[in-house]
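Here are my notes from a friendly wander through this model. I kept the entries short and followed my own curiosity.

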Amino acid sequence: MDINEIRNLFPALSRKVYGKDLVYLDNAATSQRLKSVMDLWNYLSSNSTANIHRAVHRLADEATQAYEDARISVKEFLNAESREEIIFTSGTTASINLAAFCFGESFISEGDEVIVTEAEHHSNIVPWQMMCKRKGAILKVLPVDDNGYLKVDVLDEIITERTRILAVTHVSNVLGIINPVKDIISICHSKGVAVLVDGAQGAVHCNVDVQDLDCDFYAFSGHKLYAATGTGVLYGKKKWLDAMPPYMGGGEMVGTVTFEETTFAPLPMKFEAGTQNFTSTPTLKPALECVKLLNINNLDNIKGFILDKLINDERITLYGVPRGTGEDKIPLFSFTVKGVHHEDMALILDKMGIAVRSGQMCAEPLMNRFGVTGMLRASFAPYNTIEEAEYFVKCLDKAINMLI
Amino acid sequence: MTLIEAENSVIEEFSMYEEWLDKYEYLIELGKSLKDYPESAKTDEKLIKGCQSRVWLDYRIEDGKIVFNADSDAIITKGIISLLIGIYSGRTPQEILSSDFSVVEKIGLKENLSPTRANGLVSMIAKIREIASVNA
């Protein structure tokens, strides 16, 4: 597919803001939505609105089919061993909360230890912190170096015999560095420590193979990879999911219910209590089909161009500076401008038609690590063009000159 | 210049710029012109709650008139508070309380700010009114 064909798949890209062409560079927060995703959502809304897994009527059957088709798509996308290992949630945050809570219930006792990294999104810190507090466990932190790389070499010292699980992001939403999760998992497993990978960014930019990674859990969201909002996935190895108690009770997660005792449904429904998002979750299927297709089209041109501009501009500090030529960085750039507030920059860029993110980006500990109150972030998707990258750099310069 | 004249002058000034980018440029200049806010006055009590960036508003009374001084770590926000100070500083509490602050709607500032910034603007106005009523 050439870039114009790709862009035509996303209706929002042709819109204007303030009379200017939209340049959407906030993809790490939410990507624009595929036409095929909207079509499926509309089709299901018009034809197959019915509660899944329950009624025997035709509409429910169709809705169930669409929902379970998406599960097969996710299983194939992640190369999971079985569909039972794919739990649908409302997003990455919900996935990690589920994993942290239920893993904690089964495997964490007082005095046990959980490791997170300094590069985590709040969603991969707070659920663990809450669980540790509940269980009397200790939360430890694997730090990053000045370039934003995880200090994997100190992992050995941080892991003790009380360490039960480590939660790490595949790719930091601030630094854009692809973490060596396979190595981390291998180190952890050699010491009997389970690993959850936050794939909110990784699922979009890396070819994920959970069997090859050998991760115990992998979480991601649909809305960052062109699907509808309110869709998310928790992959978990069957051995863990079987051993963990349900997260919420009610709906189709049961076997039999009496007032004395309830047995639970087999996987994956054990973790899918209540009415599921049966209209949005199926949109993961067309979205994931597209992810595989789009990743063929690489963003190396844009990445090289932006890296060169940002690194060589003395007014700008880039966070997450790749050691090599950028193979281990996704096209996501967080930076600050000397003497300029990030919010002012974002506001000016907005009026130029450019959507970027500004602020703490849900990673306050990382902001503290680098001694800033916030950053600007431009994150690119396969539908962004080199012309947009050039326009962004030009506007960045103009905005800085306005503000300094 | 009366308060109403000052309001009208801001409305006129703002309408000269057609593009919002130019209006921002004007606000940035206003922000830059606001100087000499002492570091020692950047206290929690003077911090306006509800703004995304930090804004401090201080005042003193001179001949029964309220003289405002402000600062912010974001320059556009500083421009906005500077614009408000330009209108409301050096007025008696009664004058300030008699204003309906419709100037911010008339220049289209509110709808051209993000919701969080618009909230900040509301907080700034509330703080100015509060200071006026405390000293009335």
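Before looking at single residues, I fixed my burial scale: a residue is buried if 20 or more other C-beta atoms lie within 10 Å of its own, exposed if 12 or fewer, and partly exposed in between, with C-beta atoms placed from the backbone. I also reminded myself that this is a predicted model, where local features need pLDDT of at least 70, side-chain atom pairs count only at pLDDT 80 or more, and totals for chains, interfaces and linings use all residues. Residues are numbered from 1 along each chain as its sequence is written, while chains are lettered from A and ligands numbered from 1 in the order in which they are written.

**Entry: odd backbone spots**

I looked up B:Asp63 and found a positive phi near 50°, in a residue other than glycine. B:Asp63 sits in the loop between strand E1 (55–62) and strand E2 (65–72) of chain B; my strands (E, at least two residues) and helices (H or I, at least four) are DSSP runs, numbered from the N terminus. Is B:Asp63 buried or exposed? With 7 other C-beta atoms within 10 Å, B:Asp63 is exposed.

In chain A, I noted A:Met361, not a glycine either, with a positive phi of about 55°. Its loop runs between strand E16 (357–359) and helix H14 (364–369) of chain A. A:Met361 counts as buried because it has 22 C-beta neighbours inside 10 Å.

I also found a cis peptide bond from A:Leu267 to A:Pro268, with omega near 0°. A:Pro268 belongs to the loop between strand E12 (262–264) and helix H11 (284–294) of chain A.

**Entry: chain B as a whole**

I counted six helices and two strands in chain B, in the sequence order α-α-β-β-α-α-α-α. I then checked the radius of gyration, taken over C-alpha atoms, against the globule rule of 2.2 Å times the number of residues to the power 0.38. Chain B has 14 Å, which agrees with the value near 14 Å for a compact globule of 136 residues. Its C-alpha atoms fill a box of roughly 40 × 30 × 25 Å along the principal axes. I found that 33% of the 136 residues of chain B count as buried.

**Entry: where the chains touch**

For contacts, I asked that C-beta atoms, placed from the backbone, lie within 7 Å. By that rule, 10 residues of chain A are in contact with 11 residues of chain B. On the chain A side, helix H13 (342–351) and helix H15 (386–403) are the elements that give two or more residues. H13(A) supplies the largest share, five residues.

Notes. Contact = placed C-beta atoms within 7 Å.
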